[in-house]
Amino acid sequence: MAIDLLNHKLDRAFDHIDASGNGVVEREDLLGLGARILVGFGESPTSVAGASLVDGFDRIWSTLSETLERDGDSGIARPDFLRGMTAAFVTGDQYDPVFRPATVAVAELCDGDDDGEIGPGEFRTMLCAFGVAYDDVDEAFDRLDRSGRGTLTVDELVVAAADYYRGDDPNAAGNWLFGPL
């Protein structure tokens with residue numbers, strides 16, 4: 001069950017990156033996701049926050065490529081993506097030093113006014129960049145907002161990402177990060 005759940009979530013992550021739907025992700029696809037996030041928040045890739053996101057996504061790609069023993073210019077098909085993500089970030093030791101900083105960069109972009117909180121509109125902007133269906137965003141936000149405050153903290157969003165990408169608990173709130181599974 002846990003392996004099926006993790007594979008399903010990583011399969012969806014592949015779809016978030018493979019915007020063209022050609023069945024292969026490339027570095028430019030991942031950086032394109034970063035660009036969609038930056039555009040959504042009106043952030044320049046050369047600003048401190050923008051550069052942090054771009055660097056984080058680039059480090060994810062480099063780590064994934066190295067894990068699969070590929071050069072950084074090679075495309076990665078879905079089965080290899082699942083294998084590489086699992087080896088590097090789920091069972092491997094690269095989540096905290098590589099993947100987590102990228103999730104922090106995304107979460108901090110969502111907190112445009114630096115108050116430590118992310119409202120439903122900011123959350124929607126992020127999920128739209130990932131290609132999440134508009135109708136799924138409100139339910140995802142409500143599931144992650146377990147306290148019912150109407151906001152998420154940056155830390156809550158970072159923890160939700162860890163639950164999504166690494167967690168095997170079928171009841172974890174983080175499974176709702178990108179809408180219903």
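Which two side chains meet in a salt bridge at 2.7 Å, N to O? In this predicted model, the pair is formed by D15 and R78, and the sections below begin from that contact before turning to helix packing and to individual loop residues.

## Salt bridge between helices α1 and α4

D15 belongs to helix α1, which spans residues 2-17, whereas R78 belongs to helix α4, which spans residues 78-90, so their salt bridge ties together parts that are 63 residues apart in sequence. The two partners are both accessible to some degree: D15 counts as partly exposed at 41% relative accessibility, and R78 counts as partly exposed at 27%.

The pair is also part of a wider arrangement, since D11, D15 and R78 are linked in a network of salt bridges. In the model as a whole, the count of salt bridges comes to eight.

## Salt bridges within helices

Within helix α4, the side chains of R83 and D80 meet in a salt bridge with an N to O distance of 3.2 Å. These residues, R83 and D80, are three residues apart in helix α4 and are therefore separated by about one helical turn. R83 has a relative accessible area of 48% and is partly exposed.

A further pair is found in helix α7, where E139 forms a salt bridge with R143 and the closest N and O atoms are 3.3 Å apart. Helix α7 covers residues 134-144, and E139 and R143 lie four residues apart in this helix, about one turn. E139 is partly exposed at 34% relative accessibility, and R143 is likewise partly exposed, with a relative accessible area of 41%.

## Packing of α6 against α7

Two packed helices are described by the angle between their axes and the distance between the axes. Helix α6, residues 120-129, packs with α7 at an angle of about 125 degrees, and the axes of the two helices are 10 Å apart. An angle of 65 to 115 degrees would count as roughly perpendicular and one over 145 as roughly antiparallel, and α6 and α7 are therefore oblique to each other. Their crossing is right-handed.

On the α6 side, the contact is made by P120, F123, R124 and L127, which meet Y134, V137, D138, A140, F141 and L144 in α7. By class, the residues of this contact divide into eight nonpolar, no polar and two charged.

The buried residues of α6 are F123, R124, M126, L127 and A129, and F123, R124 and L127 thus appear both in this buried set and in the contact with α7. What covers the buried residues of α6 includes the helices α2 (27-40), α5 (95-110), α7 and α8 (154-166), together with the strands β3 (117-118) and β4 (152-153). After α6 comes G131, whose phi is positive, near 85 degrees.

## Packing of α4 against α5

Helix α4, which also carries R78, takes part in a second helix pair: the axes of α4 and α5 come within 9 Å and cross at roughly 105 degrees. With the limits for a roughly perpendicular pair set at 65 to 115 degrees, α4 and α5 are therefore roughly perpendicular to each other. M85, A88 and F89 of α4 make the contact with Y95, V98 and F99 of α5. The residues of this contact of α4 with α5 comprise six nonpolar, no polar and no charged.

## Loop residues with positive phi

Two residues other than glycine can be noted for their backbone geometry. E69 has a positive phi, near 55 degrees, and is placed in the loop between α3 (48-67) and β2 (76-77), where at 74% relative accessibility E69 counts as exposed. D114, which is not a glycine either, has a positive phi of about 55 degrees; D114 lies in the loop between α5 and β3 and is exposed, with a relative accessible area of 67%.

## Surroundings of G72

G72 lies in the loop between α3 and β2 and counts as partly exposed at 31% relative accessibility. When its neighbours within four places in sequence are left aside, G72 is in contact with R27, W61 and S65. By contrast, V159 lies 87 residues from G72 along the chain, and the C-alpha atoms of G72 and V159 are separated by 28 Å.

Methods: Residues are numbered from 1 along each chain as its sequence is written. This is a predicted model: local features need pLDDT of at least 70, side-chain atom pairs count only at pLDDT 80 or more; totals for chains, interfaces and linings use all residues. Side-chain values use heavy atoms; hydrogens and water are left out. A salt bridge is a side-chain nitrogen of Lys or Arg within 4 Å of a carboxyl oxygen of Asp or Glu. Buried means under 20% relative accessible area, exposed over 50%, partly exposed in between (1.4 Å probe, protein chains only). Axes are lines fitted to C-alpha atoms, for helices over the stretch in contact, and angles run from 0 to 180 degrees between N-to-C directions. Angles under 35 degrees count as roughly parallel, over 145 as roughly antiparallel, 65 to 115 as roughly perpendicular and the rest as oblique. A crossing is left-handed if the near helix is turned anticlockwise from the far one by less than a right angle, and right-handed if clockwise. Contact means heavy atoms within 4.5 Å. Ala, Val, Leu, Ile, Met, Phe, Trp, Tyr, Cys and Pro count as nonpolar, Asp, Glu, Lys and Arg as charged, and the others, Gly among them, as polar.
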